[in-house]
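Colleague: I've got the sequence and the structure open side by side. Mind if I throw some questions at you?

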2 protein chains.
Amino acid sequence: MERETAEKAPTIQDVARIAQVSAATVSRALSRPERVTDATRNRVSEAVRITGYTLNQSARSLRLRAARAILVALPDIGNPFFSTVLDAIEREAARRGYGVLVANRFARDNTDALRDYFLSNRADGLLLLDGSVDAEQLAAFTRAPINLPLIVACESIPGAPFHTVITDNFYAAKQAALYLLQSGHTRIGHIKGPKGNVLSSEREAGFLAGLASASAERREDWMFTGGFSMDDGARAAKALIALKIRPTAVFAANDEAAIGFISEISRLGLKCPDDVSVMGFDDLEIAAHFQPPLTTMRQPREAVGRLAAEALIDLIEGAPGKIVPKQFVLSSELIVRKSTAPPPSLRS
Amino acid sequence: MERETAEKAPTIQDVARIAQVSAATVSRALSRPERVTDATRNRVSEAVRITGYTLNQSARSLRLRAARAILVALPDIGNPFFSTVLDAIEREAARRGYGVLVANRFARDNTDALRDYFLSNRADGLLLLDGSVDAEQLAAFTRAPINLPLIVACESIPGAPFHTVITDNFYAAKQAALYLLQSGHTRIGHIKGPKGNVLSSEREAGFLAGLASASAERREDWMFTGGFSMDDGARAAKALIALKIRPTAVFAANDEAAIGFISEISRLGLKCPDDVSVMGFDDLEIAAHFQPPLTTMRQPREAVGRLAAEALIDLIEGAPGKIVPKQFVLSSELIVRKSTAPPPSLRS
DNA sequence: AAAATCTATGCAATCGATTGCATTACTTTC
DNA sequence: GAAAGTAATGCAATCGATTGCATAGATTTT
């Protein structure tokens, strides 16, 4: 287990010997340079240069009880939505000198594993990008005696007292519905996200609120059970094709479902937007390059990641004590492209 | 800096006191259960349960000089190709009890930062998914006195003595060219990857080798300067449209460029595959759902990630000493979909 | 010039887990 | 039953950085 290196890495003692000061002074020279004289600081810098010293994080972590790392738990790194958010998190964390540990596809019932990263001093806090966890258990982690610094981002956990960074999914979905209504559509369907997912239900509710506000028709067989994957979208397409009365527009719970949907209806002979307008949600990079380019609600993914990382590190470094949970709610933006058009009835 | 927790986390000493044994015995009971009596083992287990003890990784790392974590350095997590590989890496690492630290978009000239993760005892080894680094400097890291365990995956660094896990890009690209030739195309273009990238040049060379083996025509103005992004593909599309004599098929260096290309030629009035067949490389998830579904070379991304993680951890845990660099070369697979067809001249 | 104040630095304990060596208790062998 | 061997456990040093407290020296105040 113990690694054998020909030459051991230089330690603070080595630097101290060469600079002819004590290890304590080296430590101070490096972390609070104003506390030592110029002469000492220079001697230490020189000794660091000579030895090629790098601080041993394990020793530092042990002493300070701080790992200078955060754990990011996500449901699926492979998903471009999450990987972009992760990108922003990583950037912000690096800026503030923190490492980023990733835990992918951790099971719902595996919150203990996340807690243990904290308890075992590998991470100083948790950034959770998944709302499908036991809120009660999670809340217990944030209280004494554990006091896990926690930020929930992307997906909220309703009614739970966590710091969160989310986007306003309800309002954005309502905007989407309103946009389709304003384009002249009266028969509008929705490809729902996965069951039990908070984002799904908020987007569905927002969509229905949009319909309701215009007193538009709402039919159960236009509410397609779906999911967030392309295959889910394709399944919804098959369901739509089978209908006698079809909606002229469909709002999908995310871009991937929208793409899978369009892909499948094209295969089956319908055209988008000629026969059916389709909207997505997220504005993934592919949305602009898909055929047809996808009308969608753009979520500020980078901002979500950056703010979440920022908030978590503030929490970690902040004074302990009672902190009122902060909620950041960012807005999404309507991006109109070619996958939506007025319904056939309104076209010349 | 020092975190103040109401109650400190239980330590091995606490467990020892409750189990009425020494800390040394607790340590042994946990790491090598066969070395203690059943009675002791049970008492320790019970004490662990009572206290809720979790091992402090910092202390362990300090003592053992091992972090039980690997650092994955990649050029762009946001890219679905890399994020899938990362997914596989994470899974394998977790299986073997290793944490995964990510370093994204690290600059070419910033290899020191990667080395410092190792020197500072935050990571036990480096998994590099980017070939665009200074090979000489990197090689120095793997030698004494640093002895950084290193695996280069996805992109090889030619002529450098590293363990690598790659796919056979040259052969796969040649296969792609041969497939297009066999479909009857005689005028075939190529959207090149980014300049200076190893993958780009191997795919380009393989493509040209394919053409050469069939003595097919090769024209400089059919070799589009490109890149790996959708925008790069779109630019190539504009260049193609401007040509007097156009190729009837195009092989793009990756799926994203292929998608950007198809998207742009559609916008400009050409149809795929009717006017031009297009092939990609990678088989991203979107490839199957794009319109038209994309013919492509599927890279075994999961296998690459898994093998790379496996090899790195073997290297970390293996006996130190001279190790001959191992090269894993995996094969890609032709996936035929609808974006390719025989050229117009051969169709009825 | 003595007293008080301040500054720079060193000493030594500390963080928590691991392990070589020493010790004790128990078993086997002749 | 004494000697030798073995198994289980404890003692104490160790990994490397940080920091409260002590001290020596410099500076200011009276």
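Modeller: Go ahead, but keep in mind that this is a predicted model. As an opener on the interface of chain B and chain A, the rule finds two salt bridges across it.

Colleague: Which residue of chain B meets R105(A) in a salt bridge?

Modeller: The rule wants a side-chain nitrogen of Lys or Arg within 4 Å of a carboxyl oxygen of Asp or Glu. Here the N to O distance is 2.5 Å, so the pair qualifies. The partner of R105(A) is D87(B).

Colleague: And polar contacts: how many residue pairs does the rule find across the interface of chain B and chain A?

Modeller: For these, both residues have to be at pLDDT 80 or more. With that condition, the count across the interface of chain B and chain A is 20 residue pairs.

Colleague: Which element of chain B gives the most to the side that touches chain A?

Modeller: Several elements of chain B supply at least two residues each, among them helix 5 (80-95), strand 2 (99-104) and helix 10 (230-241). The top contributor gives eight residues, and that's helix 4.

Colleague: By class, how many residues on that side of chain B are nonpolar?

Modeller: Polar residues come to 19 and charged ones to 20. The nonpolar residues number 26.

Colleague: How much area do chain B and chain A bury between them?

Modeller: The contact takes 65 residues from chain B and 65 residues from chain A. Of the buried area, 53% is on carbon and sulfur atoms. The total is about 5,800 Å².

Colleague: What kind of axis relates the two chains?

Modeller: A rotation of 180 degrees superposes chain B on chain A, with 0.0 Å of shift along the axis and an RMSD of 0.0 Å. That is the relation of a two-fold axis. The copies meet through the same surface, because 100% of the interface residues of chain B are also interface residues in chain A. So, the name you're after: a two-fold axis.

Colleague: Where in chain A is the pLDDT below 50?

Modeller: Chain A has a mean pLDDT of 92, and 95% of its residues reach 70 or more. The stretch below 50 still has 16 contacts in the model beyond near neighbours in sequence. Where pLDDT is low, the predicted coordinates should not be read in detail. The stretch is residues 1-6.

Colleague: Last one: how far apart in space are P300(B) and P343(B)?

Modeller: P300(B) is in the loop between strand 10 (295-298) and helix 13 (301-317) of chain B. Its contacts beyond four places in sequence are T167(B), L330(B), S331(B) and S332(B). P343(B) is 43 residues from P300(B) in sequence, and the C-alpha to C-alpha distance is 29 Å.

How values were computed:
Residues numbered from 1 in each chain as written. Chains lettered and ligands numbered in written order. Heavy atoms only, no water. Contact = heavy atoms within 4.5 Å. Buried area = accessible area lost by both parts, 1.4 Å probe. Polar contact = N/O pair within 3.5 Å; in protein donor to acceptor, adjacent residues only side chain to side chain. Helix = DSSP H or I, 4+ residues; strand = E, 2+ residues; numbered from the N terminus. Nonpolar A, V, L, I, M, F, W, Y, C, P; charged D, E, K, R; others polar. pLDDT = per-residue confidence, 0-100. Least-squares fit on C-alpha atoms with pLDDT ≥ 70 in both.
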